[in-house]
Amino acid sequence: MEMLRRNFIRLLMVLVAGCGLVASPANALVELNINKGNVEPLPIAVTDFLQGELGQKISDVVAADLKRSGLFAPIDKGAFIEKVSNPDAAPRFEDWKVINAQALVIGRVTQEGDGRLKAEFRLWDTFAGQQMLGQQFYTQPENWRRVAHIIADAIYERITGEKGYFDTRIVYVAESGPKTARKRQLAIMDQDGANARALTNSNDIVLTPRFSPNRQEITYMSFENQQPRVYLLQLETGQREVVGNFPGMTFAPRFSPDGQRVIMSLQQEGNANIYTMDLRSRTTTRLTNTAAIDTSPSYSPDGSRIVFESDRGGKQQLYVMGADGSGQTRISFGDGAYSTPVWSPRGDLIAFTKQSGGKFSIGVMKPDGSGERILTTGFHNEGPTWAPNGRVLMFFRQNAGAGGPQLYSIDLTGYNEQPVQTQGFASDPAWSPLME
């Protein structure tokens, strides 16, 4: 599977030139300012790509991606007046304006002589009567879903001015079986829940998987042979190895932004401290030295700072320190206990889990602790992870009386919350960077 994706990368071609007039951002009327809070979704028409069933499947995935972002409102196809028969011709703009389609996506899918799939699309501003974007892609037919995600990303970026997040994957813990004998395996899927597959197949408990910035490697915790250890797993080869041979329990691993180090917590004699390991030299550096439990470290995007949780003040709170362990400073001061902090890819926010009043919330705050906002509260919410554009979070939730946890996503407004479909129970999600 991973080799297939790499072959896809070699074959992918994005051709903007020769696709007609393209409106510059300054001339386009269709744009969304996603920095102003709750945004009214933009009405957009996504027509079935010509020709055949595969074209319709691609357009359906594009529309579903855009709708799930909460920023777009795809118009029901039954309302379309014009039936597009030539994607190379300008559409009848009046037919689209009358149904309030402020943006229009048309496309075509064809099979090349060498067996490759060619997918092309155009994005139109219907009220300005101008083409905003035109691209075409070549790949193997089995990669059609990824082409759809890339098209959705291109549309998202052209209209919002920010990178999309649809051409990404999620690694998570797939849970099955009764509560008393629950089986937990590592699994990976596309961000919309498609193409799910298992990465491990044993009865050992696995927890907290995390992507490397280079996307070919995952670090996670496993109780193999009843011994809690941090492992590295190569996605392409399936090869795995233990990160260090420490005498105590190692847990809560996460990569540094450059992918050269793993930061984790090491428990010894009842307390836990934070260590880093250089993956090339295998040397370790201790960053905290307290009698408390210091855990869940997460680097800032530039690698200069680390946020972590600690109960050194009596209950779990969030702290920030330099990458060398210096300047350890508490940043959370609200009621309740704070845990599972993770720094946004944009560097502007830290997401966290907060337990207060018998409930669990997912929230965000600025790196200095100011501007705390709760996005969602429930019976048991936990483990936020950021989309690579820093606009959406995924987490897992266990509802009262439910048989197991489920994944959810929510944007920074706190309004666009929705379940993420998985084949069974799921927890501990981790979002990949954008694929290349």
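**Two pockets and a helix pair**

In this predicted model, the second largest pocket is lined by 23 residues, and Thr208, Ala252, Ser296, Thr340 and Glu382 lie nearest its centre.

Q: What makes a residue part of the lining of a pocket?
A: A lining residue has an atom within 4 Å of a pocket point. For the second largest pocket, 23 residues pass that test. Its volume is about 510 Å³.

Q: Which strand gives the largest share of the lining of the second largest pocket?
A: β13 does, with 4 residues. β9, β17, β21, β25 and β29 each supply at least two.

Q: How do the residues of that lining divide by class?
A: There are 11 nonpolar, 7 polar and 5 charged. Glu counts as charged, and Glu382 is among the residues nearest the centre.

Q: What is known of the largest pocket?
A: Its volume is about 600 Å³. It has 26 lining residues, and Phe211, Trp343, Pro345, Trp431 and Pro433 are the closest to its centre. Phe, Trp and Pro count as nonpolar. The whole lining has 17 nonpolar, 7 polar and 2 charged residues.

Q: Why are α2 and α4 called oblique to each other?
A: Helix α2 (residues 52-68) and helix α4 (residues 144-160) pack at an angle of about 45°. Roughly parallel needs an angle under 35 degrees, and roughly perpendicular runs from 65 to 115. The angle fits neither, so the pair is oblique. Their axes are 8 Å apart.

Q: Which residues of α2 and α4 meet?
A: Among them are Leu54, Ile58 and Val61 in α2, and Trp144, Ala148 and Ile151 in α4. By class, this contact has 11 nonpolar, 1 polar and 3 charged residues.

Technical notes: Residues numbered from 1 in each chain as written. Predicted model: local features only at pLDDT ≥ 70, side-chain atom pairs only at ≥ 80, totals over all residues. Heavy atoms only, no water. Axes fitted to C-alpha atoms, helices over the stretch in contact; angles between N-to-C directions. Parallel < 35°, antiparallel > 145°, perpendicular 65-115°, else oblique. Contact = heavy atoms within 4.5 Å. 1 Å grid on protein atoms, 1.4 Å probe; cavity = no way out; pocket = protein on both sides within 12 Å on 5 of 7 lines; lining within 4 Å. Points joined across faces, edges and corners; volume = space filled by probe spheres on them.
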